[in-house]
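Here are a few exercises to work through with the model open in your viewer. Try each task before you read its solution.

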Number of protein chains: 2
Amino acid sequence: MTHHPTPSAGARARVREELTLLLADAARRQLAEVGGAALSVRAVAREVGMSSSAVFRYFPSRDALLTRLIVDSYDALGRAAERAETAVHEDTVAERWRAICHGVRDWALAHPHEYALIFGTPIPGYAAPSDTIGPAGRVPALLMALLGGPDPHGAGAGTAESAAGTTGAAGAMDPVLRASFAPIMGSLPDGVPPDLALRGLMAWTYLFGAVSFEIFGHRLAVVSDPGTFFDHEVVRLAELLELA
Amino acid sequence: MTHHPTPSAGARARVREELTLLLADAARRQLAEVGGAALSVRAVAREVGMSSSAVFRYFPSRDALLTRLIVDSYDALGRAAERAETAVHEDTVAERWRAICHGVRDWALAHPHEYALIFGTPIPGYAAPSDTIGPAGRVPALLMALLGGPDPHGAGAGTAESAAGTTGAAGAMDPVLRASFAPIMGSLPDGVPPDLALRGLMAWTYLFGAVSFEIFGHRLAVVSDPGTFFDHEVVRLAELLELA
DNA sequence: CCGATGTCAAGAGCACTGCTCTCCGTTGTT
DNA sequence: AACAACGGAGAGCAGTGCTCTTGACATCGG
């Protein structure tokens, strides 16, 4: 109705959004400096020159601020992984897997505290709201898309074959095992072979383990050239899991 | 000189040790309830009926208390893994690997906060003192002992063969890759084939990834029967890595 | 046996935290 | 132009880690 660029939201709402973004950015800087556990609303308020109580007008609680940072971190990580994959999207599955792994690792090294926020120890009294489950699945979804649809011309039988060759005959998966990861099968497109999903989960688990080990410092006394080691382990894992 | 059970330490030192133990136990209970990040010295003092300032006579800082809990946790996890392995020590390497994995997972499920303390997000301003590196290596040492010495009669050639079959010719490892994990090779007994150590590291990485995923809640919407899934993934990983 | 010495517990206090409530000026809306 | 909603600041509460001072106690030497 008015001349505002966003008709549905008045000028009031616009500056509110801008201030919210400003606070979130300040909080992200704080996060990068002192880590998630030590993130302080008062320190964020100080950085933007605001009273601490005023911050609560924009984020009803410290947890809400953390939730915002968590969602943003999931999104940033997902974006980084997708960008890395896009750059080699026409290459082999093995190369695309490798690119995703390095994309995830590079982002984690550049933003260790954000990585720790989403993949480290959960905050004590903090329950992840449903807003986070979407962005949280971005990298796994990318991996599943990579493994599930490498060939656009419906040669899926080949994939099923190689999967079957790994353990036992084709489709002879223990029903108890099959049921154990039924939830993820439900959120996957139909037609994905269970063993492929299982190997995808294992790949995702390994990627998480390797990156977390490095980010959390458990490889300091173990590996001297983490990049080289990481490249080898993810490539080798892809060979072993026959992801390609 | 006196009738005390511990002659080197006087009565004074003995009650001091007992009180220190009492405080550590109370802190462990607190840890199990509210988690490491929310562990409060005052709450611990309250639980043992002591003034908060008095606690600092025994632990010079909150970090020192946490260090104690970290060391104890590493030790408890190591003990759990060793006990699980001892129970099947005469079995195949594959079964012993499986037992270790379940031992680690079971301990983590029983003590999630202690697990998070040692394998989760590092405490912000906290630098792990050298006291922790010993206990921290207990499970990896157990794994390496399992892989390195399964056959007491010097049939090591067989292991080397199967290892070589995985990637390229025997001993033809890229020198850059070989150098990347030189530190861990240095703390391993001589004669361990580099590729075996590498696969051991990958196994340890995967075990950590799988357990952490479950403990930190990232498998809630993915897996409905975590025990079955875990058993399969670790057994399958052992097959793929040819640990047996 | 008594006094010197060293240890320990308690309390007050500092600077910090998340969060609530009240007060009040500004400002967009009608 | 009048109004009501909004957003800011400040005080205050209950909690935190940590330090310093004070006072009681036990231990040991002479």
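**Exercise 1. Find what A:Val104 touches beyond its neighbours within four places in sequence.**

Step 1. Use the contact rule: two residues touch if their C-beta atoms, placed from the backbone, lie within 7 Å.
Step 2. Skip the sequence neighbours within four places, and A:Val104 is left with A:Leu77, A:Ala81, A:Val139, A:Leu207 and A:Val211.
Step 3. Now zoom out to the largest nonpolar core, which has 120 residues. Such a core is a set of buried Ala, Val, Leu, Ile, Met, Phe, Trp, Tyr and Cys residues joined through C-beta atoms within 7 Å, where buried takes 20 or more other C-beta atoms within 10 Å of the residue's own. A:Val104, A:Leu207, B:Val104 and B:Leu207 touch the most other members.

Before going on, some housekeeping. This is a predicted model: local features need pLDDT of at least 70, side-chain atom pairs count only at pLDDT 80 or more, and totals for chains, interfaces and linings use all residues. Residues are numbered from 1 along each chain as its sequence is written, while chains are lettered from A and ligands numbered from 1 in the order in which they are written.

**Exercise 2. Work out how chain A and chain B are related.**

Step 1. Superpose by least squares on the C-alpha atoms of residues with pLDDT (the predictor's confidence in each residue, from 0 to 100) of at least 70 in both copies.
Step 2. Chain A lands on chain B after a 180 degrees rotation with 0.0 Å of shift along the axis, at RMSD 0.1 Å. The two copies are therefore related as by a two-fold rotation axis.
Step 3. Look for the chain A residue closest to that axis: A:Gly209, with its C-alpha at 1.9 Å.
Step 4. Check the contact surface: 100% of the contact residues of chain A recur in chain B.

**Exercise 3. Describe the contact between the chains.**

Step 1. Count: chain A gives 42 residues and chain B gives 42 residues.
Step 2. Assign them to helices (DSSP runs of H or I, at least four residues, numbered from the N terminus). On chain A's side, α12(A) gives the most, with 9 residues.
Step 3. Sort chain A's side by class: 27 nonpolar, 12 polar and 3 charged.

**Exercise 4. Say where to be wary in chain A.**

Step 1. Chain A averages a pLDDT of 87, and 86% of the residues score at least 70.
Step 2. Compare elements: helix α5 of chain A has the highest mean (98), helix α9 of chain A the lowest (41).
Step 3. Flag residues 152–169 of chain A, where pLDDT stays under 50.

Note on methods: Helix = DSSP H or I, 4+ residues; strand = E, 2+ residues; numbered from the N terminus. Nonpolar A, V, L, I, M, F, W, Y, C, P; charged D, E, K, R; others polar. Buried ≥ 20, exposed ≤ 12 C-beta atoms within 10 Å, placed from the backbone.
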